[in-house]
Amino acid sequence: MKKEVKIIFHIDLNAFFAQCAIIKEPYLKDKIFAIGRGSGSKRGIISTASYKARKLGIRSGISVKEALDIYPKLLIVPSDYSLYKKQSKIFFDFLGKYSSIILKGSIDEAYIDLTEMSKSRSPLDIAGEIQNTLNEKYQLPVSIGIAPTIFLAKMASDMKKPLGITVIRRKEIVKKIFPLSIKDLYGIGKKTYPKLEAFGIKTIGDFTKEDNKEKILNLMSIVNYEGLLNEILGYGEDTINPHKYDIPKSISTESTLSTTKDEVEIIVPILNKQYEEVHKKMLQEKMKARTFGIKLKYDDFTLVTRSKTLFEYTDNFDEGFLVIEDLFLNNHDGKPLRLVGVYIKELMLNSEIEKDINLFNYIDFIRKKEN
């Protein structure tokens, strides 16, 4: 029996953070502006530039100082995480009207299986309706890629921005994908593509040539090479797992003490050990948190929970434990404890969080993709 060809949409919100700023402050629509962390300092970094700013050469990843050197009248708008989360929810709730098979790629992109709906409606009509409604009703412009696999749908959505709709069928791969620059190959890092170009591999088509295989294997493993080749040729994953990137709403641990204890010098090391466990789990999930809390149960079974929410997300161990320790020292009334615990909430994936860049953390910066 012939395998059913899937209809996969990749829907990418265009310049999402910048568009959120326009929704909040409509006057920005006609301005040249960028979203910048540390906007009060020229050591801040540009995370997203409006399309008008991009035309001047201002892009994500450059410093605020560089951006202002390019265009001194550039408006620097601060980040607004709560607004991003609100608008992202509107986006995903809307897509849920079309299919329940949705994978959240990040805060501003979704993969959605529309195979069933496409049996009774043209995929292009569906895409047009989604794009027009999001743009006109919610002020959320998107680009949409339509293809038989997740990888090709992603490639397609990147081909026309903003407000593009691109279809890639398997029979069109050679025509539409092969001529693209090797730097446009999804999955190729910014450090790898210049090395491929140095080997004479300028296009995605060049990457597929058997003559170039040995050169490519100098830069990546055979598994990665064959995996990418498979994706390029249209034989990659076509099954969307909506729960692939699910993350916990909180991470916690607690311990019932063998005997009741009230000594600070005993309880604090226990909290430290517990936070080590919670922090390790957070790093494994590639997340950061804003809210840190403690749980205390006294000998008389009185239960107390206290928490503190930081302004910024963090995965720094010392920063988080300092909050935990302060909460304990400021809230423990000296009575014997029978249980202690720690927890973290308001978790977000690293990929969804802008990262402030300064002289101290620049080396760790990974530039957020342009939308």
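This tour moves from the whole chain to one sheet, then to the helix lying across it, and ends at a single residue.

**The whole chain**

Begin with the entire protein chain selected, and keep in mind that the model is predicted. The C-alpha atoms fill a box of roughly 75 × 60 × 45 Å, taken along the principal axes. If you colour by secondary structure, you should find 13 helices and 12 strands. Of the 371 residues in the chain, 46% count as buried, and among contacts between residues at least 6 apart in sequence, 65% join residues at least 24 apart.

Switch next to a surface view: the chain exposes about 19,500 Å², of which carbon and sulfur atoms supply 52%. For a view of charge, show the 59 positive and 50 negative charges, whose mean positions are 5 Å apart.

**The sheet**

Now select residues 250-261, which form strand S9, and residues 303-314, which form strand S11. These belong to an open sheet of 4 strands, with the order S9-S12-S10-S11 and antiparallel pairing. S9 and S11 are its edge strands, each pairing on one side only. Looking at how neighbouring strands of this sheet are set against each other, you will find them turned by 15 degrees on average, direction ignored.

Add residues 287-298, strand S10, which pairs with S11 in the antiparallel sense over 8 bridges. To place yourself within this pairing, label Leu-296, which stands opposite Val-304 in S11.

**The helix across the sheet**

Select residues 317-331, which make up helix H13, and also residues 337-349, strand S12. Helix H13 lies across S10, S11 and S12, and runs at about 25 degrees to S10.

**Phe-292**

Finally, centre the view on Phe-292, which is found in strand S10. Is this residue buried or exposed? Phe-292 counts as buried because its relative accessibility is 0%, whereas the cut-off for buried is under 20%.

Which residues is Phe-292 in contact with, leaving aside its neighbours within four places in sequence? Show the side chains of Tyr-275, Arg-306, Ser-307, Lys-308, Leu-310 and Thr-314, then those of Val-323, Ile-324, Leu-327, Tyr-343 and Ile-344, and mark Gly-320 as well, since together these are the contacts of Phe-292 beyond its sequence neighbours.

As a last step, draw a distance between the C-alpha atoms of Phe-292 and Ile-251, which should read 9.9 Å, although the two residues are 41 residues apart along the chain.

How values were computed:
Residues numbered from 1 in each chain as written. Predicted model: local features only at pLDDT ≥ 70, side-chain atom pairs only at ≥ 80, totals over all residues. Heavy atoms only, no water. Pairing = 2+ DSSP bridges. Helix = DSSP H or I, 4+ residues; strand = E, 2+ residues; numbered from the N terminus. Axes fitted to C-alpha atoms, helices over the stretch in contact; angles between N-to-C directions. Contact = heavy atoms within 4.5 Å. Buried < 20%, exposed > 50% of the residue type's maximum accessible area, 1.4 Å probe, protein only. Areas by Shrake-Rupley, 256 points an atom, 1.4 Å probe, with all protein chains shown as cover. Lys, Arg positive; Asp, Glu negative; His and termini not counted. Charge placed at Lys NZ, Arg CZ, Asp CG, Glu CD.
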